[in-house]
Amino acid sequence: MSEIAERYTAVQECIAAAAARAGRRPEDVTLVAVTKTWPLDVLLAAYEVGLRHFGENRAEELAEKRPALTAELGADCGVVWHQIGTLQSRKTDLVAEHADVFHALDRLKIARRLSRQLTENGRELPVFLEVNLSGEGSKSGFAADRWEERATQRNELRKVVETVSQLPGLRLRGLMTMAPWHVPDAEIRTVFRRTRELAAWLQSEAPQADVSQLSMGMTDDYEIAIEEGATHVRVGRALFGPRNR
Ligand SMILES: *Cc1c(COP(=O)(O)O)cnc(C)c1O
């Protein structure tokens with residue numbers, strides 16, 4: 001068995017175990033294989049073992065790899081491309097053209113630009129709003145570190161949900177978050193649990209919107225994320241090994 005096949009099997013087993021611990025079904029968790037920095041032959045090997053969701057964090061890399069992989073595998077290969085990294089506004093056109101899902105919508109300016117470009121292209125794009133629950137300045141996302149006690153913060157988030165869910169071309173799906181680095185598991189779990197609770201609150205406040213999905217969890221914390229309700233985990237190193245950059 002190839003190394004990727006072995007690692008994929010191990011990750012699938014961890015996903016199944018975490019889902020079982022939470023009384024969830026493993027098929028309700030989408031594994032996004034984070035292929036950033038890896039060349040095309042690694043993506044082909046990942047496809048070969050059955051992976052179908054690929055995630056890139058740089059829009060230029062997405063715009064390069066998608067057409068290249070499609071040329072190898074054909075347009076009906078069934079690969080779903082996820083832009084998982086935040087976006088500079090001058091690169092929205094790359095995502096409007098090449099992404100099938102966007103996980104890191106963190107500003108209304110980006111939402112409006114994407115909406116316009118998607119409408120021009122006649123495309124629709126499922127999106128996750130990135131929320132910052134840890135309050136770390138290094139993390140992007142709409143501020144949500146004090147949403148439980150600060151009405152201004154959660155009302156701002158509600159307005160964002162209402163605005164984005166009405167923009168043509170964008171299809172709001174839920175929230176995305178990143179756990180803080182180098183903290184105990186309990187703290188990571190709290191961030192994921194609070195994100196799930198925030199999504200539930202937003203859903204009850206904006207019933208016409210869809211805030212039902214949660215993109216959270218990476219190599220070091222995807223099992224905790226699944227226990228706390230993640231519907232999408234974004235996993236790189238556990239599948240492909242350490243990256244050079
Ligand atoms: C790189 C990256 C991941 C995957 O990280 P690993 O630790 O390799 O699993 C997930 N999400 C985002 C936004 C990333 O940039």
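The paragraphs below go through the ligand surroundings, one buried arginine, the salt bridges, two further residues and the cysteines of this predicted model.

The ligand is a convenient place to start. The residues around the ligand are Val-34, Lys-36, Asn-57, Ile-84, Met-178, Met-218, Thr-219, Arg-234, Val-235, Gly-236, Arg-237 and Arg-243. Three of these residues place polar atoms close to ligand oxygen. For Thr-219, a polar side-chain atom lies 2.5 Å from an oxygen atom of the ligand. Gly-236 takes part through its backbone, where a polar atom is 2.8 Å from a ligand oxygen atom. Arg-243 uses its side chain, an N or O atom of which is 2.7 Å from an oxygen atom of the ligand.

Arg-234, also listed around the ligand, belongs to strand E9, which covers residues 232-235. Which side chain of opposite charge is nearest to Arg-234? That side chain is Asp-221, at 6.8 Å, and Arg-234 has no salt bridge although it is buried. A salt bridge requires a side-chain nitrogen of Lys or Arg within 4 Å of a carboxyl oxygen of Asp or Glu, and the 6.8 Å to Asp-221 is the nearest approach of an opposite charge to Arg-234. The side chain of Arg-234 does have a polar partner in the side chain of Ser-215, with a polar contact of 2.9 Å. Ser-215 also appears in the contact list of Arg-234. With residues up to four places away in sequence left out, that list consists of Val-32, Val-34, Ile-84, His-103, Met-176, Thr-177, Met-178, Ser-215, Met-216, Gly-217, Met-218 and Thr-219. Val-34, Ile-84, Met-178, Met-218 and Thr-219 from this list are also found around the ligand.

Elsewhere, charged side chains do pair. The structure has a count of 22 salt bridges, and a few of them show how the paired residues are placed along the chain. Glu-156 and Lys-159 form one of them, with an N to O distance of 4.0 Å. Both residues sit in helix H6 (residues 151-166), and because they are three residues apart there, about one helical turn separates them. Glu-156 is partly exposed at 45% relative accessibility, and Lys-159 is partly exposed at 46%.

Asp-210 and Arg-173 form another salt bridge, in which the closest N and O atoms are 3.7 Å apart. This pair links distant parts of the chain, with the two positions 37 residues apart: Asp-210 is in the loop between helix H7 (185-205) and strand E8 (213-215), and Arg-173 is in strand E7 (residues 170-176). Both partners are partly exposed, Asp-210 with a relative accessible area of 26% and Arg-173 with 25%.

In a further salt bridge, the side chains of Asp-220 and Arg-237 meet at 3.1 Å, N to O. Asp-220 is in the loop between E8 and helix H8 (222-227), whereas Arg-237 is in helix H9 (residues 237-240), so the pair ties together parts 17 residues apart in sequence. Asp-220 is exposed, at 61% relative accessibility, while Arg-237 is partly exposed, at 33%. Other charged residues are joined through shared partners: Arg-21, Arg-189, Arg-196, Glu-227 and Glu-228 form one network of salt bridges. Arg-237 from the previous pair is also among the residues around the ligand.

Helix H6 holds another residue to examine, Gln-153. Is Gln-153 buried or exposed? Its relative accessible area is 11%, and Gln-153 is therefore buried. The side chain of Gln-153 has a polar contact of 2.9 Å with the side chain of Asp-145. Apart from neighbours within four places in sequence, Gln-153 is in contact with Ala-143, Ala-144, Asp-145, Arg-146 and Trp-147.

Ala-75 offers a contrast in exposure. This residue lies in the loop between helix H3 (59-73) and strand E3 (80-83), and at 76% relative accessibility Ala-75 is exposed. The C-alpha atom of Ala-75 is 38 Å from that of Arg-158, a residue 83 places away along the chain.

The cysteines come last. A disulfide is a covalent bond between the sulfur atoms of two cysteines. The structure contains zero disulfides. Cys-14 is partly exposed, with 25% relative accessibility, and Cys-77 is buried, with a relative accessible area of 10%.

Technical notes: Residues numbered from 1 in each chain as written. Predicted model: local features only at pLDDT ≥ 70, side-chain atom pairs only at ≥ 80, totals over all residues. Heavy atoms only, no water. Disulfide = S-S within 2.5 Å. Buried < 20%, exposed > 50% of the residue type's maximum accessible area, 1.4 Å probe, protein only. Helix = DSSP H or I, 4+ residues; strand = E, 2+ residues; numbered from the N terminus. Lys, Arg positive; Asp, Glu negative; His and termini not counted. Polar contact = N/O pair within 3.5 Å; in protein donor to acceptor, adjacent residues only side chain to side chain. Contact = heavy atoms within 4.5 Å. Near = heavy atom within 4 Å.
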